[in-house]
Amino acid sequence: MARDAGAAAWLPLAVYIHWPFCRSKCPYCDFNSHVREAIEEERWTRALLADLERQAELALDREVVSIFFGGGTPSLMPPDTVAALIERVRALWPVIPDLEVTLEANPNSAEAERFAGFATAGVNRLSLGVQALDPPALRFLGRGHSRDEAVAAIALACDIFPRYSFDLIYARPGQSVAAWEDELGEALSLAGTHLSLYQLTIEPGTAFGNRAARGEILTADEDTAAALYEATQQRLAAAGIPAYEISNHARLGAECRHNLAYWRYEDYLGIGPGAHGRVTRGAGKVATRQLRSPEAWLAAVETSGTATDELSPIAPEEAIGEMLMMGLRLVEGVARQRLEALAGRTVEQLFAGALPRLVEGGFLTLDSAHLAATVAGRQRLNAVLGALLAV
């Protein structure tokens, strides 16, 4: 849909599309991902398109700034399905001229063969789940690709897509700062303008979570993890790819627009099993959530036209907490004007006497435009938020 040049300013909208299937389940993963022997791709294409059209009714008068195919493993999707979904988004809403379309991909050879098809479909940003450049670490993390496949997939992404990024996981058990520095050096030699670098966390219900419950040590100790984090920040900043969020680094202007929509508490729709959304309606926001089970979601869409499991207003206090939780992950912080508009009072009134103590204690920085967590504050984000929301 072309935008009417004379139209009033519309709210930006990000569209997330969830493909819930994987070839195998990684031991650290607590995402809504599932392994199935067979997938009826035509049924899933029809259902995702139907869900997209139904949810569009919640977000009229919007302008789409990003589409993000996540999972699961979206690189298992047929490129024709990706093309159909992108085309339908463009038919339902106006889009900005430089629309960002990201697809998450695994770097194994079979899926890399689809990269050109995804680019033809309209994907212009690829996010590769590499996770490690060290072969033993890849085995430990349960990844289904080799180091050579990862390097080849990164090179192919560089050739095909205008923008690409890849993920690495650190704070693995026994990992030293020196070894991580070497891995970072290689990553920087392969990187474009964006890198995502996550500390390994153990989530309940995962294979790692079950092993940890039996007493296995599966992550670096706290002091080593902190040293690895500091080394990461210093090395990436020196390379001109500083952090713009706790785990994400980019050259200026190359930040992931879709994820910024989450962290800035802008509107987004979640399409597909288990997907969440936040949409401005009137003076507040509503939360949406889809049925989590792929089979239940598919059946609901096919029989009743919707698989929405929740559609509820977000209380003002909860919305303030969500905006803080998201915004304080960012280096830029929470925009003072947007927070105060949501809260209906000034930052000083909102936090009363606690704000000076948090600033003096090194948790927060405060200027005329933003409330931002310091580096130490971002490392102890839950403590910062607990202190803020307790007042």
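Here are some exercises on a predicted model, each with a worked solution.

Residues are numbered from 1 along each chain as its sequence is written, and side-chain values use heavy atoms, with hydrogens and water left out. As the model is predicted, local features need pLDDT of at least 70 and side-chain atom pairs count only at pLDDT 80 or more, while totals for chains, interfaces and linings use all residues.

**Exercise 1. Two helices side by side**

Work out how helix α1 packs against helix α2, and which residues make the contact.

Step 1: Find the two helices. α1 covers residues 41–56 and α2 covers residues 79–92. Helices (H or I, at least four residues) and strands (E, at least two) are DSSP runs, numbered from the N terminus.

Step 2: Look at the angle. The helices pack at about 15°, and their axes are 10 Å apart. Axes are lines fitted to C-alpha atoms, for helices over the stretch in contact, with angles from 0 to 180 degrees between N-to-C directions.

Step 3: Name the arrangement. α1 and α2 are therefore roughly parallel to each other. Angles under 35 degrees count as roughly parallel, over 145 as roughly antiparallel, 65 to 115 as roughly perpendicular and the rest as oblique.

Step 4: List the contact (heavy atoms within 4.5 Å). From α1 come T45, L48, L49, L52, E53 and A56, and from α2 come T81, A84, L85, R88, V89 and L92.

Step 5: Sort these residues. The contact of α1 with α2 has eight nonpolar, two polar and two charged residues. Here Ala, Val, Leu, Ile, Met, Phe, Trp, Tyr, Cys and Pro count as nonpolar, Asp, Glu, Lys and Arg as charged, and the others, Gly among them, as polar.

**Exercise 2. Another partner for α1**

Describe the packing of α1 with helix α11, residues 294–304.

Step 1: Read the geometry. The angle is about 65°, with the axes 10 Å apart. That makes α1 roughly perpendicular to α11.

Step 2: Find the residues. α1 brings R43, W44, A47, L48, A50, D51 and R54, while α11 brings P294, W297, L298, V301, E302 and S304.

Step 3: Sort them. The contact of α1 with α11 divides into eight nonpolar, one polar and four charged residues.

**Exercise 3. Helix α7 and its surroundings**

Find what α7 packs against, and which ring pair involves W180.

Step 1: Start with the helices. α7 and helix α9 (residues 222–238) pack at about 30°, with their axes 10 Å apart. α7 is thus roughly parallel to α9.

Step 2: Go through the contact. V177, W180, E181, L184, G185 and L188 in α7 meet A227, L228, A231, T232, R235 and L236 in α9. These residues divide into eight nonpolar, two polar and two charged.

Step 3: Turn to the rings. Rings of Phe, Tyr and Trp (its six-membered ring) pair if their centres lie within 6.5 Å; planes under 30 degrees apart count as stacked, over 60 as edge-to-face and the rest as tilted. The count comes to ten aromatic pairs. The rings of Y170 and W180 have centres 4.9 Å apart and planes at 20°, so this pair is stacked.

Step 4: Place the pair. Y170 lies in strand β7 (residues 163–170) and W180 in α7 (residues 177–190), so the pair ties together parts that are ten residues apart in sequence.

**Exercise 4. A three-stranded sheet**

In what order do the strands of the open sheet with β15, β16 and β17 stand?

Step 1: Take β15 (residues 334–335) and β17 (residues 370–373). Two bridges join these antiparallel strands, and V334 stands opposite L371. Two strands pair if DSSP finds at least two bridges between them.

Step 2: Add β16 (residues 364–366). β16 pairs with β17 in the antiparallel sense over three bridges. L366 stands opposite L371, and T365 stands opposite A372. These two strands form a hairpin with three residues between them.

Step 3: Put the order together. The sheet runs β15-β17-β16. β15 and β16 stand at the edges with a single partner strand each, so one side of each has no neighbour in the sheet.

**Exercise 5. Backbone details**

Locate a cis peptide bond and a positive phi.

Step 1: Recall the background. Most residues other than glycine have a negative phi, and most peptide bonds are trans.

Step 2: Find the cis bond. The peptide bond from G71 to G72 is cis, with omega near 25°. G72 is in the loop between β4 (62–71) and α2.

Step 3: Find the positive phi. Q131, a residue other than glycine, has phi near 75°. Q131 is found in strand β6 (residues 125–131).
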